[in-house]
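Hello,

Please find the structure below. My notes on it follow.

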Amino acid sequence: DLDVSKLSVVHVAGTKGKGSTCTMVESILRSRGYRTALYTSPHLIDVRERIRIDGEMLSIEDFNKHFWHVHDTLSASENV
């Protein structure tokens with residue numbers, strides 16, 4: 001299991017400029033050798049635009065695999 005308390009996270013909140021700020025911070029961190037993950041919303045064309053791992057959009061195959069895993073897990077839950 002992943003210990004999320006050990007993750008380094010930048011959380012950006014506010015009413016304007018969050019996407020630009022996050023994209024700039026992510027780019028700076030990658031240029032310094034950090035591995036990054038970026039989630040933004042909304043997407044413009046493709047829902048996969050919302051999730052970037054090390055600056056790359058998820059492949060259709062990876063997105064579908066993870067989407068259906070989450071969907072099936074939630075559908076099987078007794079609390080949903």
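I28 sits in helix 1, which covers residues 18-31. This is a predicted model, so please read the notes with that in mind. Is I28 buried or exposed, or something in between? I28 counts as partly exposed because its relative accessibility is 47%, and the partly exposed class runs between the 20% and 50% cut-offs.

I28 can also be placed relative to I51. The two are 23 residues apart in sequence. Their C-alpha atoms are 17 Å apart in space.

Next, the sheet. Three strands form it, in the order 1-2-3. The sheet is open and the pairing is antiparallel. Strand 1 and strand 3 (56-57) are the edge strands, since each pairs on one side only. Strand 1 pairs with strand 2 over three bridges, in the antiparallel sense. One bridge to note: L38 has R52 in strand 2 as its partner.

Then R48. Where is R48 placed? R48 lies in a loop, between strand 1 (37-39) and strand 2 (51-53). R48 counts as buried because its relative accessibility is 14%, and the cut-off for buried is under 20%. Which residues does R48 touch, leaving out those up to four places away in sequence? They are M57, L58, S59, I60 and F63.

To recap the two residues: I28 in helix 1 is partly exposed, whereas R48 in the loop is buried.

Best wishes

Terms used. Residues numbered from 1 in each chain as written. Predicted model: local features only at pLDDT ≥ 70, side-chain atom pairs only at ≥ 80, totals over all residues. Heavy atoms only, no water. Helix = DSSP H or I, 4+ residues; strand = E, 2+ residues; numbered from the N terminus. Buried < 20%, exposed > 50% of the residue type's maximum accessible area, 1.4 Å probe, protein only. Contact = heavy atoms within 4.5 Å. Pairing = 2+ DSSP bridges.
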